[in-house]
Amino acid sequence: MLPQLSGVNIRQTLTQALSFCLVLTTTFMFWKGLSVVTNSPSPIVVVLSGSMEPAFQRGDILFLWNRDVRVKVGDIVVYNVKGRDIPIVHRVVRNHASSKKQLLLTKGDNNAMDDLDLYAHRQYYLDREQEVIGSVKAYVPWVGYVTILLSENVWAKYALLALMGFFQMMQRE
Amino acid sequence: MSDLQTLLLEGPIDFVGQQLADSVTLYFLSIAGVVAFLVGIITGDISLTSYTLALFVSAGFVIVVLPWPFYKRHPLKWLPPTTAKN
Amino acid sequence: MFSTFQRIQQYWGFVTTVTVFLAAAISISSVIQEHYFVDIPRVSINVQSIDVRYGKPHIGYNYKRQEYSLMKFDLEADLTPLFTWNTKQLFVYLAATYPGKPYANKVVVWDAIIRSKEDAVLSLSDMTADYSIYDVTGKFNGRNATLSLEWNAQPYVGLLTWNKGSERERFEFPQPATAR
């Protein structure tokens, strides 16, 4: 089972590495292509918090669309507060729109208060163009829970790597 | 490796059996999808759809993945060994 | 399909395909049902009282002192026809729309989450609004406004849909009770 350092086996290893790279780059292309079509930097997101329950649970997957020039009250949007990198998925509860810009106030369904405390200091509204990265149009339950497990459990990462290694060995046979 | 291990881990089946397994996968799971959909839309209860699908998927797993004897009814006939002529 | 391992791979691959198609079929069928086979529910809204005060709309350092309004309303609506087999919940909200320069404005004054057909008949009278309205400019200046009932249907899988009731109740922001 140990690889011999002959010419044939080096080529085999390189070929396998090439197929692996092909899978990675195809996935990356698909992701970036989807970003262009939806005009969102992150067209598919996994729900991480319970602030939109009972509509969304942790591990659900949301599909975003960012080509609506004006977002509506009642829409569910994903936004990044200026300067922070954590995307928040909440519902638009207020909207003030002029021809130049749109100001929004958001609130999680499961929160008692609106998001004012989450915005930057002295910021009372979100700017649709600058801070909203998409509105939720479609939803699939549970499928994303794997990514939550992977990011939150150290042993899960090792388990996955071990599993992938095991599959590789099975393939060789 | 013992016979049981060979059976379970490698589970070799003959070529006709492989075709059969492939067809079963295709037809059984497609029907599973359609039935699950109809069950849900007729009863108005989407949880019945997931249960029906889960049931079919589990049954199908047992039928397709395990190396049943009916997959091995057409073993490859190897030619008798010949000695090299020279 | 030679080895058990290969069969497992092939089998799970096709299970995934079937699941995706099933999810798409469920979503399409429920969206079609909502769009073409359901009449827009009849809604009746009445503004019982509305007053405008001056001060902080909510407790908290983030809220400025400004004009804000509180209202009481009656609401009757039968939303049972909106529930399909793929409906997980209805997020229902009462929104006030009013004009302005340069901003056109819309604010949610009340919301509720309906999780089953049995709970979908709304009959509220003399209900206090959950949220007060305050404007970007801090003043209302006696503007006119309309109140409408809207909802977002959240599916178990697939596309989210939004719609609204046909009735629009009109009201006017009164002058503030205690001007500064």
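User: How does helix 2 of chain B pass helix 1 of chain C, in a right-handed or a left-handed crossing?
Analyst: Right-handed. The near helix is turned clockwise from the far one by less than a right angle; anticlockwise would be left-handed. Helices here are DSSP runs of H or I with at least four residues, strands are E runs of at least two, and both are numbered from the N terminus.

User: Is this a predicted model, and what is the numbering?
Analyst: This is a predicted model: local features need pLDDT of at least 70, side-chain atom pairs count only at pLDDT 80 or more, and totals for chains, interfaces and linings use all residues. Residues are numbered from 1 along each chain as its sequence is written, while chains are lettered from A and ligands numbered from 1 in the order in which they are written.

User: Back to that pair. What angle, and how far apart are the axes?
Analyst: Helix 2 of chain B and helix 1 of chain C pack at about 25°, with axes 10 Å apart. Axes are lines fitted to C-alpha atoms, for helices over the stretch in contact, and angles run from 0 to 180 degrees between N-to-C directions. The two helices are therefore roughly parallel to each other. Angles under 35 degrees count as roughly parallel, over 145 as roughly antiparallel, 65 to 115 as roughly perpendicular, and the rest as oblique.

User: Which residues make the contact?
Analyst: From helix 2 of chain B, they include B:Ala21, B:Leu29, B:Gly33 and B:Phe37. From helix 1 of chain C, they include C:Arg7, C:Phe14, C:Val18 and C:Ile26. Residues are in contact if their C-beta atoms, placed from the backbone, lie within 7 Å.

User: What's the mix by class?
Analyst: The contact of helix 2 of chain B with helix 1 of chain C has 15 nonpolar, five polar and one charged. Ala, Val, Leu, Ile, Met, Phe, Trp, Tyr, Cys and Pro count as nonpolar, Asp, Glu, Lys and Arg as charged, and the others, Gly among them, as polar.

User: And helix 3 of chain B against helix 1 of chain C, what angle there?
Analyst: About 155°, with the axes 10 Å apart. Helix 3 of chain B and helix 1 of chain C are therefore roughly antiparallel to each other. Their crossing is right-handed. B:Leu53, B:Val57, B:Phe61, B:Val64 and B:Val65 meet C:Thr4, C:Arg7, C:Ile8, C:Tyr11, C:Val15 and C:Leu22. That contact divides into nine nonpolar, one polar and one charged.

User: How do helix 2 and helix 3 of chain B cross?
Analyst: Helix 2 (residues 15-43) and helix 3 (residues 46-65) of chain B have axes that come within 8 Å and cross at roughly 165°. That makes helix 2 of chain B roughly antiparallel to helix 3 of chain B. The crossing is right-handed. The contact includes B:Phe28 and B:Val35 of helix 2, and B:Phe56 and B:Gly60 of helix 3. By class, the contact of helix 2 with helix 3 of chain B has 16 nonpolar, six polar and no charged residues.

User: Switching to chain C with chain A. How many residues touch?
Analyst: The contact takes 27 residues from chain C and 22 from chain A. On chain C's side, strand 4 gives the most, with six residues. That side divides into 18 nonpolar, six polar and three charged.

User: Which strands pair there, and in what sense?
Analyst: Strand 4 (residues 87-97) of chain A and strand 4 of chain C pair in the antiparallel sense over four bridges. Strands pair if DSSP finds at least two bridges between them. A:His96 has C:Asn105 as its bridge partner.

User: Where are the cis peptides?
Analyst: One runs from A:Glu53 to A:Pro54, with omega near 0°. A:Pro54 lies in the loop between strand 1 (44-46) and strand 2 of chain A. Another joins C:Lys101 and C:Pro102, with omega about -5°. C:Pro102 lies in the loop between strand 3 and strand 4 of chain C.

User: What about phi of A:Asn39?
Analyst: Near 65°, a positive value in a residue other than glycine. A:Asn39 lies in the loop between helix 1 (7-38) and strand 1 of chain A.

User: Where is confidence lowest in chain B?
Analyst: Among its elements, helix 1 (residues 3-10) has the lowest mean pLDDT, 63, and helix 3 the highest, 91. The score is the predictor's confidence in each residue, from 0 to 100. Chain B's mean is 83, and 87% of its residues reach 70 or more. Where pLDDT is low, the predicted coordinates should not be read in detail.

User: And in chain A?
Analyst: Lowest in helix 4 (residues 154-172), at a mean of 73, and highest in strand 2 (residues 61-65), at 95. The chain A mean is 86, and 91% of its residues reach 70 or more.

Conventions. Contact = placed C-beta atoms within 7 Å.
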